[in-house]
Amino acid sequence: MSNTGIMPTKTKTLNVRITEEQYEELEELVERGDYTSKAEFIREIIRERVDDFSRFLHEKAEKDRDEHISIEEYGETRGLE
């Protein structure tokens with residue numbers, strides 16, 4: 001390990017089942033040079049979905065924050081001072 005302070009990324013192996021048609025389309029993408037491997041394509045799709053979900057959560061949190069009141073305000077509405 002280098003002294004840069006960056007920890008190596010831990011990885012896990014994932015096995016998936018896809019249809020023959022999906023597999024053939026995936027192979028075609030690799031053969032055309034759109035991706036260097038089938039695994040690269042799958043990793044990119046996962047990254048995109050995770051990023052999309054993260055953006056969704058951040059947007060939801062921002063919207064929810066605008067709808068919430070402070071604990072003090074809540075207590076006042078319940079007569080808890």
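In this predicted model, the side chains of Arg55 and Asp52 meet in a salt bridge, with a nitrogen-to-oxygen distance of 2.5 Å. Both residues belong to helix 2, which spans residues 38–67, and they stand 3 residues apart, about one turn of the helix. Arg55 counts as partly exposed, because its relative accessibility is 45%, and Asp52, at 40% relative accessibility, likewise counts as partly exposed.

Elsewhere, salt bridges that share partners join Glu28, Arg32 and Asp34 into one network. Within this network, the side chain of Arg32 meets that of Glu28 in a salt bridge of 3.6 Å, taken from N to O, and the side chain of Arg32 also meets that of Asp34, here at 2.4 Å from N to O. Arg32 and Glu28 both lie in helix 1, 4 residues apart, which is about one turn of the helix. A search of the whole structure finds 3 salt bridges, and they are set out in the table that follows.

| Salt bridge | N to O distance |
|---|---|
| Arg55 and Asp52 | 2.5 Å |
| Arg32 and Glu28 | 3.6 Å |
| Asp34 and Arg32 | 2.4 Å |

How exposed are the members of the network that contains Arg32? Arg32 itself counts as exposed, because its relative accessibility is 52% and the class begins at over 50%. Glu28 has a relative accessibility of 42% and therefore counts as partly exposed, while Asp34, with a relative accessibility of 39%, is also assigned to the partly exposed class.

Helix 1 also contributes to a charged feature of the surface. Helix 1 covers residues 20–32, and Glu20 lies in it. Together with Glu21, Glu24 and Glu25, Glu20 forms a negative surface patch. Glu20 is exposed, because its relative accessible area is 65%, and this value satisfies the requirement that patch residues have over 30% relative accessible area and no salt bridge, as far as accessibility is concerned.

Taken together, the charged side chains described here fall into three settings: the pair of Arg55 and Asp52 within helix 2, the network of Glu28, Arg32 and Asp34, and the negative patch of Glu20, Glu21, Glu24 and Glu25.

Methods. Residues are numbered from 1 along each chain as its sequence is written. This is a predicted model: local features need pLDDT of at least 70, side-chain atom pairs count only at pLDDT 80 or more; totals for chains, interfaces and linings use all residues. Side-chain values use heavy atoms; hydrogens and water are left out. Patches are made of residues with over 30% relative accessible area and no salt bridge: like charges are joined within 9 Å, nonpolar side chains (Val, Leu, Ile, Met, Phe, Trp, Tyr) within 5 Å. Accessible areas come from the Shrake-Rupley method with a 1.4 Å probe; for residues, only the protein chains shown count as cover. A salt bridge is a side-chain nitrogen of Lys or Arg within 4 Å of a carboxyl oxygen of Asp or Glu. Lys and Arg count as positive and Asp and Glu as negative; His and the chain ends are not counted. The place of a charge is taken as NZ of Lys, CZ of Arg, CG of Asp or CD of Glu. Helices (H or I, at least four residues) and strands (E, at least two) are DSSP runs, numbered from the N terminus. Buried means under 20% relative accessible area, exposed over 50%, partly exposed in between (1.4 Å probe, protein chains only).
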